[in-house]
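Colleague: I am new to this structure and would be grateful for a close look at a single part of it. Could you please describe the strand pairing and then the nonpolar core to which those strands contribute?

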Amino acid sequence: MATTFRPGERFAGMDDWQPKPGERGIFATLGWHRVEVAPGRAVLEWEPTIDHAFPAGKDWIVHGGMVTAILDTAMGSATWTLLDHDEVFLTADLRTEFYRPARPGPVRATGWVVQKTRRVTFAAADLHDDAGVLLASGRASQVIIDLQSDPHRDRPGPARSVRAFPSPARGAGGSSPSPARGGGQGGGPRQ
């Protein structure tokens with residue numbers, strides 16, 4: 001029995017969205033196309049090439065990270081349909097099971113929300129080839145962030161560690177007083 005979900009405010013903006021020529025982001029970079037969207041469900045199509053694969057004998061196999069990425073995005077798109085404008089999410093846990101090698105050529109990732117609470121969404125996805133053969137499945141837990149109650153969660157800027165790590169020059173016994181810098185969620189320069 002399928003679960004029926006109430007569409008979130010973000011759903012209305014998803015139906016017509018496709019990357020435009022020259023637009024940046026993973027959809028445009030990898031050439032993914034959203035072909036179906038409904039509350040709690042999203043379908044993506046993609047045609048990986050040998051640029052997304054590694055040689056295996058006389059054939060090519062699409063890298064597992066690429067398979068996982070499209071499954072994650074199908075699940076994320078399904079979750080996005082249920083969120084309101086003051087909500088975002090982050091994938092907290094992601095699992096992929098590979099059943100058969102994905103080869104260059106058309107594939108279809110179908111993602112759906114299994115269960116949604118106020119703070120967490122559980123989603124699943126399947127990846128099929130052009131002949132309908134199941135190649136891989138994914139499961140994800142996604143943490144929903146309410147930007148009204150925690151407005152700083154959506155802040156731009158590099159992540160800064162609050163824990164001091166040993167300095168390579170000083171060995172394991174010393175510690176560095178400066179925080180580590182990284183490109184955490186949100187990226188971009190701090191205002």
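Modeller: In this predicted model, the pairing of strand S5, residues 87-98, with S8 is a suitable place to begin: the two strands are antiparallel and share 11 bridges. Within this pairing, Thr91 has Gln142 of S8 as its bridge partner. S8 also pairs with S7, again in the antiparallel sense, through nine bridges. Here Ala125 is matched with Gly138 in S8. S7 and S8 together form a hairpin, with four residues between the two strands. One residue of the turn, Gly132, has a positive phi of about 90 degrees.

The view may now pass from the strands to the core. The largest nonpolar core has 21 residues, and the members that touch the most others are Trp46, Val67, Ile70, Leu71 and Leu127. Two or more residues are given to this core by each of helix H1 (26-30), strand S2 (41-46), helix H2 (64-80), strand S6 (107-116), strand S7 (120-129) and strand S8 (134-146). Of these elements, H2 supplies the largest share, six residues.

Leu127 merits individual attention. Beyond its neighbours within four places in sequence, Leu127 is in contact with Val67, Ile70 and Leu71, with Val107, Arg108 and Ala109, and with Val133, Leu134, Leu135 and Ala136. Another core, of five residues, lies apart from the largest one; among its members are Ala42, Ala78, Leu82 and Val113.

Notes: Residues numbered from 1 in each chain as written. Predicted model: local features only at pLDDT ≥ 70, side-chain atom pairs only at ≥ 80, totals over all residues. Heavy atoms only, no water. Core = buried A, V, L, I, M, F, W, Y, C linked by side-chain atoms within 4.5 Å. Buried < 20%, exposed > 50% of the residue type's maximum accessible area, 1.4 Å probe, protein only. Contact = heavy atoms within 4.5 Å. Pairing = 2+ DSSP bridges.
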